[in-house]
Amino acid sequence: MALREKETREGQLPPFIQSEEGYCHDIYTEGGTIYYETKWVPNTDIIVQIADYYQVDFTHQYSELGFDIFGEANYEQGVLKDVRLEEEDFELFEKDEQGLYSFMGTSYEIEEELLEEILERKKDQLDNSKGYSR
């Protein structure tokens, strides 16, 4: 797919996926991990179809901070667990005059590090309750 993208300069989907959205752009691999971009929203449904086709599990981390989208989907043995931050999660922290993000008494220079912390806390809360799923 990455080679075909370079040749055509268009987003790609595997040939067995029939969809008008969810195309993968800027595809590359590094250290056994596949990286790519999508437009506007995560394409988790497409990734599930690919995983089912190849009978594999996956972890899909996604973010589009311009739209307050940040989350992680895990697919294991046919079960999808998708945890994403909601609007109220983005209201849990503030940015100060120095450009630092403050959350529960800790300062973060990088917003993504803070969002990862909030997401991990959310996943822990859901794991310790009745579970979570999409």
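## Salt bridges: what counts

A salt bridge here is a side-chain nitrogen of Lys or Arg within 4 Å of a carboxyl oxygen of Asp or Glu. With that in hand, let's walk through this predicted model, which holds 5 salt bridges.

## Pairs along helix α4

A good place to start is helix α4, which spans residues 111-127. The side chains of E117 and R121 meet in a salt bridge, with 2.9 Å from N to O. Because that distance lies within 4 Å, the pair qualifies. Both residues belong to helix α4 and sit 4 residues apart, about one turn of the helix. E117 is partly exposed, at a relative accessible area of 27%, and R121 is also partly exposed, at 35%.

The helix carries another such pair: E120 forms a salt bridge with K123, and their closest N and O atoms are 2.9 Å apart. These two are 3 residues apart in helix α4, so about one helical turn separates them. Their surroundings are worth a look: E120 is partly exposed at 37% relative accessibility, whereas K123 is buried, with a relative accessible area of 10%. Salt bridges that share partners join E72, E120 and K123 into one network.

## Strand β4 and its two neighbours

E72 takes us to strand β4, which covers residues 69-76. How many of the 8 residues of β4 are buried? The count is 7, so the strand is mostly covered, buried meaning under 20% relative accessible area.

On one pairing, β4 runs antiparallel to strand β3 (residues 58-64), and 7 bridges join the two. Within this pairing, T59 stands opposite N74 in β4. The two strands form a hairpin with 4 residues between them, and D68 in the turn has a positive phi of about 55°.

Strand β4 also runs antiparallel to strand β5 (residues 79-84), this time joined by 6 bridges. Here G71 stands opposite R84 in β5. Another hairpin results, with 2 residues between β4 and β5; Q77 in its turn has a positive phi of about 50°.

## A salt bridge at D82 and R84

R84 appears again in a charged pair: its side chain meets that of D82 in a salt bridge, at 3.1 Å from N to O. Which of these partners is buried, and which is partly exposed? D82 is buried, with a relative accessible area of 9%, while R84 is partly exposed at 30%. As background, side chains of opposite charge can pair when their charged atoms come close.

## The open sheet and the helix across it

Further along the chain, 3 strands form an open sheet in the order β6-β7-β8, with antiparallel pairing. The edge strands are β6 (94-95) and β8 (106-108), each of which pairs on one side only. Strands of a sheet pair through backbone hydrogen bonds, either parallel or antiparallel.

Strand β7, made of residues 101-103, pairs with β8 in the antiparallel sense over 3 bridges. In this pairing Y101 stands opposite Y108 in β8. Helix α4 then brings us back to the start of the tour: the helix lies across β7 and β8, running at about 20° to β7.

How values were computed. Residues numbered from 1 in each chain as written. Predicted model: local features only at pLDDT ≥ 70, side-chain atom pairs only at ≥ 80, totals over all residues. Heavy atoms only, no water. Pairing = 2+ DSSP bridges. Contact = heavy atoms within 4.5 Å. Axes fitted to C-alpha atoms, helices over the stretch in contact; angles between N-to-C directions. Buried < 20%, exposed > 50% of the residue type's maximum accessible area, 1.4 Å probe, protein only.
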